[in-house]
Every structure is written in structure tokens, then in C-alpha cells.
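Good morning, and thank you for making time for this item. I should like to take you through one structure, beginning with its sheet and ending with its charged pairs.

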Amino acid sequence: MIQGLNSNIQHDGVVYHVQTQDLGAAAPQVVTMVYKGGAIVSSKTTEYAEWTPEPDFPARVRELVESQHRDVITALKAGDILVGGK
């Protein structure tokens with residue numbers, strides 16, 4: 001399992017917490033959740049089961065964690081993630 005990422009992002013005067021984590025080879029998914037006031041307002045899940053037999057899968061998963069985290073933050077800042085108002 002790869003260590004997760006956490007970021008606090010301010011958009012339109014509201015602070016959102018973005019958390020991305022790898023659930024590990026037993027549940028091969030990378031999950032990113034966007035929180036507002038402790039409640040999940042958006043999430044994205046990407047499965048990677050097809051990578052687990054590959055010798056470079058830990059590096060590929062690490063890149064997936066980082067890129068998914070970065071992409072969700074970019075979408076949040078752009079207003080592309082619907083978070084149910086302020």
C-alpha cells in the first residue's frame with residue numbers, strides 16, 4: 001500500500017480537504033475524497049487490478065495517486081467539481 005496525500009484547498013472562500021489513498025493490492029483502488037466541514041462532497045475511484053502482476057506496479061500506483069490527487073485539486077479550483085454550494 002502506498003502512503004496517501006492530503007491537501008487543504010480554498011475555493012470561493014470555502015476550505016476543502018482533499019484526501020487520496022491507495023487501498024492496497026487486496027482492494028486495488030486509488031480513492032480521492034473531497035471533504036467540506038468533515039462531510040464527503042465528492043469522490044473519485046480508479047481501479048488498478050490489471051497492474052498488480054507487473055513488476056513496476058508500485059511506481060505506477062504511486063504516479064496514479066499523485067496524478068489523481070493533482071487532477072481533483074485542479075478540477076476543484078476550476079469549479080468543475082459540484083460540491084453542493086458553499
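In which sense do strand 3 and strand 4 pair, and over how many bridges? Strand 3 and strand 4, the latter spanning residues 39-47, pair in the antiparallel sense, over eight bridges. Please bear in mind throughout that this is a predicted model.

Let me stay with that pair for a moment. Strand 3 and strand 4 form a hairpin with two residues between them. In its turn, Gly37 has a positive phi of about 60 degrees. Along the pairing, Met33 has Ser43 of strand 4 as its bridge partner, and Thr32 stands opposite Lys44.

On the other side of the discussion is strand 2, residues 14-22. Strand 2 also pairs with strand 3 in the antiparallel sense, here over six bridges. Met33 appears again, as the bridge partner of Gln19. Strand 2 and strand 3 form a hairpin too, with six residues between them. Gly24 lies in that turn and has a positive phi of about 95 degrees.

Is strand 3 largely enclosed or open? Six of the eight residues of strand 3, residues 29-36, are buried, so this strand is largely enclosed by the rest of the structure.

We can now assemble the sheet. It is an open sheet of four strands in the order 1-2-3-4, with antiparallel pairing. Strand 1 and strand 4 are the edge strands, each pairing on one side only. On average, neighbouring strands of this sheet are turned by 15 degrees against each other, direction ignored.

One loop residue deserves a remark. Most residues other than glycine have a negative phi. Asp12, although not a glycine, has a positive phi of about 55 degrees. Asp12 is found in the loop between strand 1, residues 5-11, and strand 2. With a relative accessible area of 51%, Asp12 is exposed, since the cut-off for that class is over 50%.

Next, the helix. Helix 1, residues 57-78, lies across strand 1, strand 2, strand 3 and strand 4, and runs at about 10 degrees to strand 1.

Which residues make up the largest nonpolar core? There are ten in all: Ile9, Val14, Tyr16, Val18, Val34, Val72, Ile73, Ala75, Leu76 and Ile81. Strand 2 and helix 1 each supply at least two residues of this core. Helix 1 gives the most to it, with four residues. Apart from this core lies another, of six residues, among them Val30, Tyr48, Trp51 and Val65.

I turn finally to the charged side chains. Side chains of opposite charge can pair when their charged atoms come close. How many salt bridges does the structure hold? It holds two. In one of them, the side chains of Arg62 and Glu66 meet at 3.4 Å, N to O. Both residues lie in helix 1, four residues apart, about one turn of the helix. Arg62 counts as partly exposed at 27% relative accessibility, and Glu66 counts as partly exposed at 30%.

A salt bridge also joins Glu63 and Arg70, whose closest N and O atoms are 3.6 Å apart. Glu63 is partly exposed, with a relative accessible area of 40%. Arg70, at 45% relative accessibility, likewise counts as partly exposed.

That concludes the presentation, and I welcome your questions.

Notes: Residues numbered from 1 in each chain as written. Predicted model: local features only at pLDDT ≥ 70, side-chain atom pairs only at ≥ 80, totals over all residues. Heavy atoms only, no water. Buried < 20%, exposed > 50% of the residue type's maximum accessible area, 1.4 Å probe, protein only. Pairing = 2+ DSSP bridges. Axes fitted to C-alpha atoms, helices over the stretch in contact; angles between N-to-C directions. Contact = heavy atoms within 4.5 Å. Core = buried A, V, L, I, M, F, W, Y, C linked by side-chain atoms within 4.5 Å. Salt bridge = Lys/Arg side-chain N within 4 Å of Asp/Glu carboxyl O.
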